[in-house]
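This briefing sets out how the parts of one protein model pack together. Please read it alongside the sequence and the coordinates shown here.

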Amino acid sequence: MTPTNSAMTGAAKARKYVLSIDGSGFRGFACLVTLHHLMRELTADPDVDPVPLPCEVFDLICGTSTGGLIAVLLGRFGLDCMKAMSIYKELGTSLFGAVGGKGWDSIVEAGGLSPNAFEEKLASIVKKYTGEEDTPMRVRKASPDKVVHKSTETFVTAVHSAAGAAGSEPYRLRSYTTPPDGVDSLPDHDWTIFQVVRAATALPTYLKPFSVGSQPFQDAATSGAANPVREALSEVTLRWSNKVEPVIVSLGTGLVSLFPVNSSREEEPSERHRPIFNKLLKVLKLKTQKTKTWSDEFAKQLVRVAQDTELVHQDAMKLFIQRRLPDNYFRFNPTAGLGDIDISDVTQIPKILALTNVWLVSPEGSGQTLRACEALKVNAIAPFLTIQMRC
């Protein structure tokens, strides 16, 4: 990719551009709205000129949970944001459509959601874009699938369910060969795209862990990795060593609004967070005694995810400052949140779209967009220069 002068060493270093996508149920739609806005801003006249694909701008795209699904759509499939939005809505409706907007009683009483419709839709989408339902996640050089782009690499996080709640480091399910010193989840198993997405989105309470052979896997957000920036930074070093300079765009889902001021990793959610719990319980519209008994634990879990997500962001920001690269890290996360939107509510697309756009045109959102565009623009122009030269 394009070399740049490193502010840290003064020597020329190659830049690697990374897109990191948080997980948080259907609220992840906000990440696609944000990225679509950013891709258009990279274009002189988006109504006339071609808007760059995310796979043409970023060297690596990664995600957790539904962020992992988005990473596959943008990175492994090489889709544009609008097409990814359409597929995201289809898959979200197939999973949450029966309960979206109706509260959580039916989910809890049933012991979770049935994955059947979701799995059928996912398999059909994989086949549509790759030619086979069981296409491997890892790109096959000898026998490539229908996805022809080679401009980005993709990984999705997941954890073994037996260690998922213990804070274990998540596995990275890659579209490329595991780098030296990298760890494979199942050394003798060639993960398919279907398996990767299904395992990454197996959030307890919603979907039971997904088994590959006898090994069950689930959403890495349960292990503190809802924000995969830490894994992204580690992967850049594994994949390209310290000789490259990372530029990271991190997309959040507005959970920062649940992050209690002055909280820390050592602090468990407690009565001090009761206003947040009450707000969540009101949104969930829980009625039965079983769901009311369970509700406090869910509220605490969601607050922990919000804490983990924000604290990982703060750590990343400090790291880039320490490396004298403060202009290489960009976090897009609506600080006012996305309102009272249940993470399973597929009926709230208009509200998610409106609230995200309000934040994007705010001083905070527009300022972050301008900074990110300055860092990404040279890389975004390169594919079009290549196309023009071929013509």
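Which residues in H3 meet which residues in H4? In H3, Thr66, Leu69, Ile70, Leu73 and Leu74 form the contact, and their partners in H4 are Cys81, Ala84, Ile87, Tyr88 and Leu91. The model is a predicted one. Its secondary structure comprises 12 helices and nine strands, and 55% of the 391 residues are buried. Of the contacts between residues at least 6 apart in sequence, 72% join residues at least 24 apart.

**Helix H3 against helix H4**

- The axes of H3 (residues 66-76) and H4 come within 10 Å and cross at roughly 135°. This angle makes H3 oblique to H4, because angles from 115 to 145 degrees fall outside both the roughly perpendicular and the roughly antiparallel ranges.
- The crossing of H3 and H4 is right-handed.

**Helix H4**

- The 16 residues of H4 should span 22 Å at 1.5 Å a residue, and the 21 Å between its end C-alpha atoms agrees with this.
- The buried residues of H4 are Cys81, Ala84, Met85, Ile87, Tyr88, Leu91, Gly92, Ser94, Leu95 and Phe96.
- These buried residues pack against H1, helix H2 (54-57), H3 and H6.

**Helix H6**

- For the 15 residues of H6 (residues 116-130), a rise of 1.5 Å a residue gives an expected span of 21 Å; the end C-alpha atoms are 21 Å apart, in agreement.
- Phe118, Leu122, Ala123, Ile125, Val126, Tyr129 and Thr130 are buried in H6. They lie on the same side of H6, because they cover an arc of only 165° around the axis.
- Glu120 and Lys128 are exposed, on the face of H6 turned away from the buried side.
- The cover over the buried residues of H6 includes helix H4 (81-96) and helix H7 (193-200).
- Glycine 131, just after H6, takes a positive phi of about 100°.

**Helix H7**

- H7 is mostly covered, with eight of its eight residues buried. These are Ile193, Phe194, Gln195, Val196, Val197, Arg198, Ala199 and Ala200.
- Among the helices, H3 and H6 pack against the buried residues of H7. The strands that do so include E4 (153-160), E5 (171-174), E6 (210-212) and E7 (215-218).

**Helix H1 against helix H11**

- Two packed helices are described by the angle between their axes and the distance between the axes.
- For H1 (residues 29-41) and H11 (residues 349-360), the axes come within 9 Å and cross at roughly 45°. H1 is therefore oblique to H11.
- H1 and H11 cross in a right-handed sense. On the H1 side, the contact is made by Phe29, Ala30, Val33, Thr34 and His37. On the H11 side, it is made by Ile349, Ile352, Leu353, Thr356, Asn357 and Leu360.

**Threonine 369 in helix H12**

- Threonine 369 is placed in H12 (residues 363-390). It counts as buried because its relative accessible area is 4%, where the cut-off is under 20%.
- Apart from its neighbours within four places in sequence, threonine 369 is in contact with His37, Leu38, Glu41, Phe332 and Leu360. Two of these residues, His37 and Leu360, also take part in the contact between H1 and H11.
- Threonine 369 and leucine 42 are 327 residues apart in sequence, while their C-alpha atoms are 9.7 Å apart in space.

**Positive phi outside glycine**

- Serine 241 is a residue other than glycine with a positive phi, near 70°. It lies in the loop between helix H8 (229-240) and strand E8 (244-251). Its relative accessibility is 30%, so serine 241 counts as partly exposed.
- Arginine 324, likewise not a glycine, has a positive phi near 60°. Its position is the loop between helix H10 (289-322) and strand E9 (329-332). At 57% relative accessibility, arginine 324 counts as exposed, because the cut-off for that class is over 50%.

Key: Residues numbered from 1 in each chain as written. Predicted model: local features only at pLDDT ≥ 70, side-chain atom pairs only at ≥ 80, totals over all residues. Heavy atoms only, no water. Helix = DSSP H or I, 4+ residues; strand = E, 2+ residues; numbered from the N terminus. Expected span 1.5 Å × (residues − 1). Buried < 20%, exposed > 50% of the residue type's maximum accessible area, 1.4 Å probe, protein only. Arc of directions from axis to C-beta. Contact = heavy atoms within 4.5 Å. Axes fitted to C-alpha atoms, helices over the stretch in contact; angles between N-to-C directions. Parallel < 35°, antiparallel > 145°, perpendicular 65-115°, else oblique. Left-handed = near helix turned anticlockwise from the far one by under 90°.
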